[in-house]
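These are my notebook entries on a predicted model. I went through the sheet and the helix packing in turn, and I put down what I looked up.

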Amino acid sequence: MRPEPCNAVEAERDLLTGLLNWRGVHRVLDRLTGEASASVPSSLVSLDLDRLYAANQLFGYDVIDVALTTIASLITAHLPTSSYAARVGGEEFLMILPNQPLEVAYSAAEAVRQAVQDFSFTPPDLRLTISAGVACSPAHSNWTATELLSLADMRLCVSKKRLVHSRNTVWAGRLPRGWAATRDEFQDWPTFDDTPDY
């Protein structure tokens with residue numbers, strides 16, 4: 001049985017991995033948006049383990065809990081200086097990169113994706129991959145944390161839903177035409193495209 005948090009710092013931490021939880025994420029993002037600058041971008045990466053439900057059914061929750069702590073360590077190992085990692089759901093993670101452009105966030109996310117793909121989990125037949133969506137604040141200061149999270153999540157959906165290749169992908173590019181997300185507020189947000197437009 002996992003202990004209950006006993007102080008304010010522990011209350012902002014995920015009990016399994018030690019990463020920030022949603023409460024900690026909101027505190028960091030509130031400060032980030034309060035210090036938002038048009039000249040200094042900040043980035044966010046939304047990550048989601050691929051097909052974790054099936055892995056849970058096959059290997060059991062105890063084995064997957066160990067794998068989750070390993071993945072948390074891999075994410076932390078690839079964080080740029082002064083950045084944050086969070087676990088915000090069973091298989092969902094965030095990387096928050098204050099004062100970092102899209103290219104740096106994309107590189108960090110890709111490094112995490114590669115590290116998870118290459119890691120030798122226990123038992124040996126447990127193979128896990130991770131997908132990610134990357135977003136960066138636009139060149140003006142009137143953006144919100146909700147918008148940054150929303151765009152990162154929608155780009156994650158692109159990497160998960162076979163709109164690019166399949167899962168096990170990092171996406172920081174344009175959203176598909178016709179998505180409700182392609183409203184005016186995202187037209188001037190940075191993109192990092194390496195595939196043709198939709």
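How many bridges join strand 2 to strand 3, and do the two run parallel or antiparallel? I found 4 bridges between strand 2 and strand 3, and the two strands run antiparallel. Looking for one such pair, I noted that alanine 85 has methionine 95 in strand 3 as its bridge partner. I then checked what lies on the sheet here, and helix 2 (residues 22–34) packs on it, touching strand 1, strand 2 and strand 3, with a direction that makes about 25 degrees with that of strand 3.

For the sheet as a whole, I recorded an open arrangement of 5 strands in the order 2-3-1-4-5, with mixed pairing. Strand 2 (84–87) and strand 5 stand at the edges with a single partner strand each, so one side of each has no neighbour in the sheet.

Next I turned to helix 4 (residues 61–77) and helix 5 (residues 102–118), whose axes come within 9 Å and cross at roughly 145 degrees; the crossing is right-handed. I listed Ile71, Leu74 and Ile75 from helix 4 as meeting Val112, Ala115 and Val116 from helix 5. By class, this contact has 6 nonpolar residues, with no polar and no charged ones.

I also looked up which residues of helix 5 are buried, and they include Tyr106, Val112, Arg113 and Val116. The buried residues of helix 5 pack against several elements, among them helix 4, strand 1 (43–49), strand 4 (130–136) and helix 6 (145–160). As a last check on helix 5, I compared its length with expectation: at 1.5 Å a residue its 17 residues should span 24 Å, and its end C-alpha atoms are 24 Å apart, which agrees.

Key:
Residues numbered from 1 in each chain as written. Predicted model: local features only at pLDDT ≥ 70, side-chain atom pairs only at ≥ 80, totals over all residues. Heavy atoms only, no water. Axes fitted to C-alpha atoms, helices over the stretch in contact; angles between N-to-C directions. Left-handed = near helix turned anticlockwise from the far one by under 90°. Contact = heavy atoms within 4.5 Å. Nonpolar A, V, L, I, M, F, W, Y, C, P; charged D, E, K, R; others polar. Expected span 1.5 Å × (residues − 1). Buried < 20%, exposed > 50% of the residue type's maximum accessible area, 1.4 Å probe, protein only. Pairing = 2+ DSSP bridges.
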